[in-house]
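Subject: Handover of a structure and notes on its cavities, pockets and sheet

Dear colleague,

Please find below the structure that I am passing on to you. My notes on it follow, arranged by topic.

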Amino acid sequence: MQMHATSRESLATARERLEALTADVDTAGLRRLGGELSAVLGVAARERTLLRHLADPAAAGSVRGGLATAIFSGKISDLAVSVVRAVAVLRWSSAGDLTATVELLARQAVLTAAERENTLDETEDELFRFGRVLESANELRVLLSDTQAPVQRRLELLHAVLAGKVGRDTLDLLEQAVRVPRGRSLDVVVGQLAELAAARRQRTVAQVTAAAPLTAEQEDRLARVLSEICRRTISVQIVLDPKVLGGLVVRVGDEVIDGSIVNRLAQAARGLPA
């Protein structure tokens with residue numbers, strides 16, 4: 001998330017405030033909070049005037065916080081109001097940074113629930129795999145991202161596709177993404193969610209493209225080697241693609257390590273005389 005210094009400091013404060021406010025909240029309450037913050041995000045996305053007032057740097061923080069309380073009290077839980085107020089009183093470089101923070105806190109609430117129930121690994125894996133589905137299923141991606149269609153219709157399609165196939169927290173996070181896509185391609189958003197889940201486990205995602213499935217032992221060994229190379233804990237996600245012929249193509253963030261046979265053949269061909 002690209003932000004100026006003022007917003008980065010406010011984001012860090014908002015995340016700490018969320019942790020403090022939810023320290024004693026059970027997982028059901030965390031999931032409810034995630035849904036409520038997502039609903040607030042939807043209101044902010046539609047009501048641009050309200051958003052400008054909530055992020056107005058010329059207004060005192062207490063005024064912005066009071067506005068947030070007045071608007072949302074009685075419509076969402078007291079906990080959710082407290083979180084929104086905590087965000088509103090902070091200073092933001094832009095209104096977009098405020099909405100991005102509310103979105104991140106909504107995700108954080110759900111991921112915290114998954115973490116407490118020890119399902120964060122499964123959530124990360126399910127998000128990653130659905131992101132891969134969206135990359136190849138163009139029609140589905142377009143339908144789920146179509147903001148001209150009613151939100152309920154898009155959510156019904158999401159449930160029809162994923163019913164019984166993913167856990168509750170994965171579905172909650174995907175509902176958030178479908179409900180308020182904020183002009184982004186859904187496959188990109190889902191990829192960001194998977195990375196956020198990995199980061200919650202203090203891991204970095206390595207997308208590994210292979211011609212054939214790897215055994216659990218091979219995946220573990222690869223994760224250890226990549227962790228040593230990158231000097232941070234790596235979570236491996238495997239993508240199958242017969243076109244690589246053999247070897248592996250590893251992507252960690254913007255860095256690509258291409259050890260596939262097809263790449264080595266291409267390199268050899270470039271060295272041959274015309």
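How do the residues of the lining of the largest cavity divide into nonpolar, polar and charged? Ten of them are nonpolar, one is polar and none is charged. Please keep in mind throughout that this is a predicted model.

Cavities

The structure contains two cavities of 30 Å³ or more. The largest cavity encloses about 80 Å³ of space. Its lining is made up of Val40, Ala44, Leu50, Leu54, Phe72, Val84, Val87, Ala88, Leu98, Thr99 and Val102. Four elements each give two or more residues to this lining, namely α2 (27-46), α3 (48-54), α5 (78-88) and α6 (95-116).

The second largest cavity holds about 50 Å³. Around this second cavity lie Ser38, Leu41, Glu103, Ala106, Arg107, Leu173, Gln176, Ala177, Val189 and Leu193. Here the elements that supply two or more residues are α2, α6, α10 (168-179) and α11 (186-200). By class, the lining of the second largest cavity has six nonpolar, two polar and two charged residues.

Pockets

The largest pocket has a volume of about 740 Å³. It is lined by 29 residues, of which Val188, Gly191, Gln192, Glu195 and Leu196 are the closest to its centre. Two or more lining residues come from each of α6, α7 (120-136), α11, β1 (204-210) and β3 (248-252). Among these elements, α11 provides the largest share of the lining, with nine residues. The lining of the largest pocket divides into twelve nonpolar, six polar and eleven charged residues.

The second largest pocket has about 250 Å³ of space. Of its 14 lining residues, Arg201, Glu219, Ser235, Val236 and Gln237 are the closest to the centre. The elements giving two or more residues to this lining are α7, α12 (216-230) and β2 (234-240). The greatest contribution to the lining of the second largest pocket is that of β2, with five residues. Eight residues of this lining are charged, four are nonpolar and two are polar.

Sheet and packed helices

Strands that line the pockets also take part in a sheet, to which I now turn. In general, the strands of a sheet pair through backbone hydrogen bonds, in either a parallel or an antiparallel sense. In this model, four strands form an open sheet in the order β2-β1-β3-β4, and the pairing is mixed. The edge strands, which pair on one side only, are β2 and β4 (255-258). From one strand to the next, the twist averages 20°.

Between β1 and β2 the pairing is parallel and runs over seven bridges. Within this pairing, Val208 has Ile238 of β2 as its bridge partner. Two helices that contribute to the lining of the second largest pocket, α7 and α12, also pack on the sheet. Helix α7 touches β1 and β2, and its direction makes about 35° with that of β2. Helix α12 touches β1, β2 and β3, and its direction makes about 125° with that of β2.

One element may serve as a starting point when you open the model. Strand β2 lies at an edge of the sheet, is touched by both α7 and α12, and gives the most to the lining of the second largest pocket.

With kind regards

How values were computed. Residues are numbered from 1 along each chain as its sequence is written. This is a predicted model: local features need pLDDT of at least 70, side-chain atom pairs count only at pLDDT 80 or more; totals for chains, interfaces and linings use all residues. Side-chain values use heavy atoms; hydrogens and water are left out. On a 1 Å grid over the protein atoms alone, a cavity is a set of points where a 1.4 Å probe fits but cannot get out, and a pocket is an open set with protein on both sides within 12 Å along at least five of seven lines; lining residues have an atom within 4 Å of a point. Grid points are joined across faces, edges and corners, and a volume is the space filled by probe spheres set on the points. Ala, Val, Leu, Ile, Met, Phe, Trp, Tyr, Cys and Pro count as nonpolar, Asp, Glu, Lys and Arg as charged, and the others, Gly among them, as polar. Two strands pair if DSSP finds at least two bridges between them. Axes are lines fitted to C-alpha atoms, for helices over the stretch in contact, and angles run from 0 to 180 degrees between N-to-C directions. Contact means heavy atoms within 4.5 Å.
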